[in-house]
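Hi everyone, thanks for making room for me today. I'd like to walk you through one model, so please have a look at it before I start talking.

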Amino acid sequence: MIVDQTNRLDELISIIFVICSDQGPKIVFRYPHDVDNRNEDSTCKTGVFKRKQSYRTDLDPIKYLDSLYDSCLQSLLVPRYPKFWDKPFNVEIDNLVFVGNPFQIEPDDIYNIVFVVMKGTSASVINSLISLSTRMSIAFAHEERTCKYISKSISEMLRHYNEDDVVKRDEVDPENMDDDNIIVEHCPFSKMIEDESTFAKTLKDVFDSIKENCFAKVLINHTINFSFFIDKHTERSDMVQSIAPFESFVLLRDSTSIKNSLNSDSSPALIKLIELQRPYFRNIKDIALQLELEYEEVQEAVAALVRWCKALVLYPIVSTNEYMLSHVVSISRYPEFQAQFAKEFPNFDFYTELSKFSERVNLSEILDFFQDKETIDSYKSMVVWFLRHQLLVQLFAHLYIKPPKDLGFPLKRPSRSSIPFSEDTCSDCGEESCTDHASLTRGVTLSDMEREKMFHTYLSKSQVGRLKRMPDLNPTALNDLAKVLPHAHAGRTIEEILWRTNMQRSEICDLTETFNEFLITIKHPQ
């Protein structure tokens, strides 16, 4: 399970803080600053800017947002009716979506922390941003009731506004304005506000962190430790279910920095998992036994680390694994990795070791040259380092049922992320009868009738006929074939089949060799 380690939320465009008081609605702060796409013309009055693009709906979303007047937006971003307060807020304007959660503290004041995203952003990300706005509102409201934090911050920010200096649209002669000039009523003091107001700086830090890596951790008013993570890859339940007992994981950062980034009330199971030395030598089931934790606790903790881009799920590092060079990382970055590699593994040369994986290679072919266990473990750790930096990719052997010769259709590779792991069912096999076979894959000897049912379910008539004509077949081999057919039909990996059927790797190899007319293994990265 490889997750995009950049984890940027490029759909996020801006954050806006808007208030509605007895003086009407007003945008107090917006970030990024609107000067990104225009230069202030020193020859014009304050508020008149040279703009690169005029007001058009076909602009890039970021430029289009920049072209919208505050006077237009602020009346839309704060609902005036109480029935819309403290409820999810979602407004679409052309190709932009504004989300937030308007909240009230004082009887006459309404506030809204609004996030702006591109139209087409996934519903899960939009719901997460609404939740983020809600949680920030709760934290700010607490500080407002405690020490008038919002009121003081707003007064501090409004000091930079001088309404008499802002040119209103009706004060400018349209005949003297060309396509490159446009009246903007954005606050020209956003940078000054950000520098002087801790409230504005908090909004900026949250926006920058969420956009950069979907994770924000800030200290609100030097009092409240606030953190939030947006998972743009998958739903939480799907992530947890996709992690199997026979898999393992590796941390993408050192354990100290990961622990420092967590809240003080983090799960003890999560802390134990982070502190575990070399977890990639054992599977998650064994790790749970070693740490004396429930398997579900470890599974959820690993899923959390993966969602936060602090861990990578892989198969335990064993000598039978196969690896090859990854195409994800550009060769131009190799010198950068070489310097890091030299510090971690001074006894190995970066390019020499990486060249060994130019073609697909079984790890045992390399480890056989080493004699002592310490060197072997060190080399395995080096392989993990390559995997952590996405310089290598692991190849997985999937078992398939060969299509009948008279059909000739190509094999279809299943998506691993679309197959949730389940210990009790084979529901992803695509057959209703599959659920009846789950109990038959744990060392149970099948009867002749049960084997026949398996063969006729997963093999064509011509294949069943050829199977019966094969000479010198013992019942054990037929029993093993019947056990693996549901898994081969689902295109599962050899490792998963071994765990589900309680068979040995050598038995699977013998099986594919004996029944090579019906079974085939295909290796590809996952």
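Let's begin with helix H19, residues 494–501: 8 of its 8 residues are buried, so the helix is largely enclosed by the rest of the structure. Buried here means under 20% relative accessible area, exposed means over 50%, and partly exposed is in between, with a 1.4 Å probe and protein chains only. Helices are DSSP runs of H or I with at least four residues, strands are runs of E with at least two, and both are numbered from the N terminus.

Before I go on, the small print. This is a predicted model, where local features need pLDDT of at least 70 and side-chain atom pairs count only at pLDDT 80 or more, while totals for chains, interfaces and linings use all residues. Residues are numbered from 1 along each chain as its sequence is written, and side-chain values use heavy atoms, with hydrogens and water left out.

So what do the buried residues of H19 pack against? They pack against strand E16 (392–401), helix H18 (475–489), helix H20 (505–514) and strand E17 (519–525), where a contact means heavy atoms within 4.5 Å. Among the buried residues are Glu-495, Glu-496 and Arg-500, alongside Trp-499. Just after H19, Asn-502 takes a positive phi of about 60°.

Two of those neighbours, E16 and E17, take us to a sheet. It is an open one of 4 strands in the order E15-E14-E16-E17, with antiparallel pairing; two strands pair if DSSP finds at least two bridges between them. The edge strands are E15 (361–362) and E17, each pairing on one side only. E16 and E17 run antiparallel and are joined by 7 bridges, and Tyr-400 stands opposite Ile-520 in E17. H18 packs on this sheet and touches E16 and E17, its direction making about 120° with that of E16. For such angles, axes are lines fitted to C-alpha atoms, for helices over the stretch in contact, and angles run from 0 to 180 degrees between N-to-C directions.

Now for the rings. The structure holds 25 aromatic pairs. Rings of Phe, Tyr and Trp (its six-membered ring) pair if their centres lie within 6.5 Å; planes under 30 degrees apart count as stacked, over 60 as edge-to-face and the rest as tilted. Phe-246 and Tyr-315 are an edge-to-face pair, 5.8 Å centre to centre with 70° between the planes. Phe-246 is in the loop between H7 (236–241) and E12 (248–251), and Tyr-315 in the loop between E13 (311–314) and E14 (322–325), so the pair ties together parts 69 residues apart in sequence. Both Phe-246 and Tyr-315 are buried.

Tyr-334 and Tyr-351 make a tilted pair, at 6.4 Å centre to centre and 55° between the planes. Tyr-334 is in H12 (residues 334–344) and Tyr-351 in H13 (residues 350–355), 17 residues apart. Are these two buried or partly exposed? Tyr-334 counts as buried because its relative accessibility is 11%, whereas Tyr-351, at 36%, is partly exposed. Both belong to one aromatic cluster, which also includes Phe-337, Phe-341 and Trp-385.

Finally, the whole chain. Its secondary structure comes to 20 helices and 17 strands, and buried residues make up 51% of its 526 residues. Among contacts between residues at least 6 apart in sequence, 70% join residues at least 24 apart. Thanks for listening, and I'm happy to chat afterwards!
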